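I open this notebook to record what I looked up, entry by entry. The sequence and the coordinates come first, and my notes follow.

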Amino acid sequence: MSRIEIIGAGVVGQATGKGFAHFGHDLTFCDINPDVLDHLKRQGHDTVLPGKVSKYKTDITILCVSTPTVNGAIDLSPLRAACHTVAMTLQQDEDYRVVVVRSTVPPCTTEELVIPLLEQWSGKVAG
């Protein structure tokens, strides 16, 4: 089974993570809200705050952060912050990792924002 890290433990992140856990995958939830993490921990899930490296090697990281609309425009700053968190762990990881964007984002966000940020901040090349 895969070792999966869910970045963003809101409704979508929890549903995604709990679905993978149901099928036997090992999970860690990462979120900026310690109350959400405490709730998940009480349910028996592994949790970690952003900036802290999970105690497990991660095979797949799934970004499930919010993408709020502010003044009619999508605010991608939570996604940028999540990319920074992932990039910092990628710097220390020698193995290949799949990063999935599960957040609702405009077309081309992965190619034009996520990949360039991960490469820039991790010092690694995608693919």
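Against which elements do the buried residues of α4 pack? I asked this of a predicted model, and I found that the buried residues of α4 pack against β4 (60-63), α3 (77-91) and β7 (98-101).

**Entry on α4**

I listed the buried positions of α4 and noted T109, L113, V114, L117, L118 and S122. I then checked the length of the helix: the 14 residues of α4 (residues 109-122) should span 20 Å at 1.5 Å a residue, and the end C-alpha atoms lie 18 Å apart, which agrees. Just after α4, I noted that G123 takes a positive phi of about 75°.

**Entry on the sheet**

Next I traced the strand order and found that 5 strands form an open sheet, β3-β2-β1-β4-β7, with parallel pairing. β3 and β7 stand at the edges with a single partner strand each, so one side of each is left without a neighbour in the sheet. Averaged over neighbouring strands, and with direction ignored, the turn of one strand against the next is 20°.

I looked at one pairing in detail: strand β2 (residues 26-30) and β3 pair in the parallel sense over 3 bridges, and in β3 I found T47 as the bridge partner of F29. Helix α1 (residues 11-22) packs on the sheet, where it touches β1, β2 and β4, and its direction makes about 165° with that of β2. I recorded α3 as packing on the sheet too, in touch with β1, β4 and β7, with a direction that makes about 165° with that of β4.

**Entry on the nonpolar cores**

Which residues touch the most other members of the largest nonpolar core? Of its 16 residues, I noted I7, L63, L79, C83, V86, V114 and L118 in that role. α3 and α4 each supply at least two residues of this core, and α3 gives the most, with 6 residues.

I followed C83 further and, leaving aside its neighbours within four places in sequence, I found C83 in contact with L63, V114, L117, L118 and W121. Apart from this core lies another, of 9 residues, among them I6, F29, L40 and C64; F29 is also the residue that I had noted as the bridge partner of T47.

**Entry on the salt bridges**

How many salt bridges does the structure hold? I counted 2 salt bridges. In one of them the side chains of R3 and D46 meet, with 4.0 Å from N to O. This pair links distant parts of the chain, since R3 lies in strand β1 (residues 3-7) and D46 in strand β3 (residues 46-48), 43 residues apart.

Are R3 and D46 buried or exposed? I found that R3 is buried, with a relative accessible area of 8%, whereas D46 is partly exposed, with a relative accessible area of 27%.

The side chains of D93 and R97 also meet in a salt bridge, for which I noted 3.1 Å from N to O. D93 counts as buried at 11% relative accessibility, and R97 is buried with a relative accessible area of 11%. As a general remark beside this entry, I wrote that side chains of opposite charge can pair when their charged atoms come close.

How values were computed. Residues numbered from 1 in each chain as written. Predicted model: local features only at pLDDT ≥ 70, side-chain atom pairs only at ≥ 80, totals over all residues. Heavy atoms only, no water. Helix = DSSP H or I, 4+ residues; strand = E, 2+ residues; numbered from the N terminus. Buried < 20%, exposed > 50% of the residue type's maximum accessible area, 1.4 Å probe, protein only. Expected span 1.5 Å × (residues − 1). Contact = heavy atoms within 4.5 Å. Pairing = 2+ DSSP bridges. Axes fitted to C-alpha atoms, helices over the stretch in contact; angles between N-to-C directions. Core = buried A, V, L, I, M, F, W, Y, C linked by side-chain atoms within 4.5 Å.
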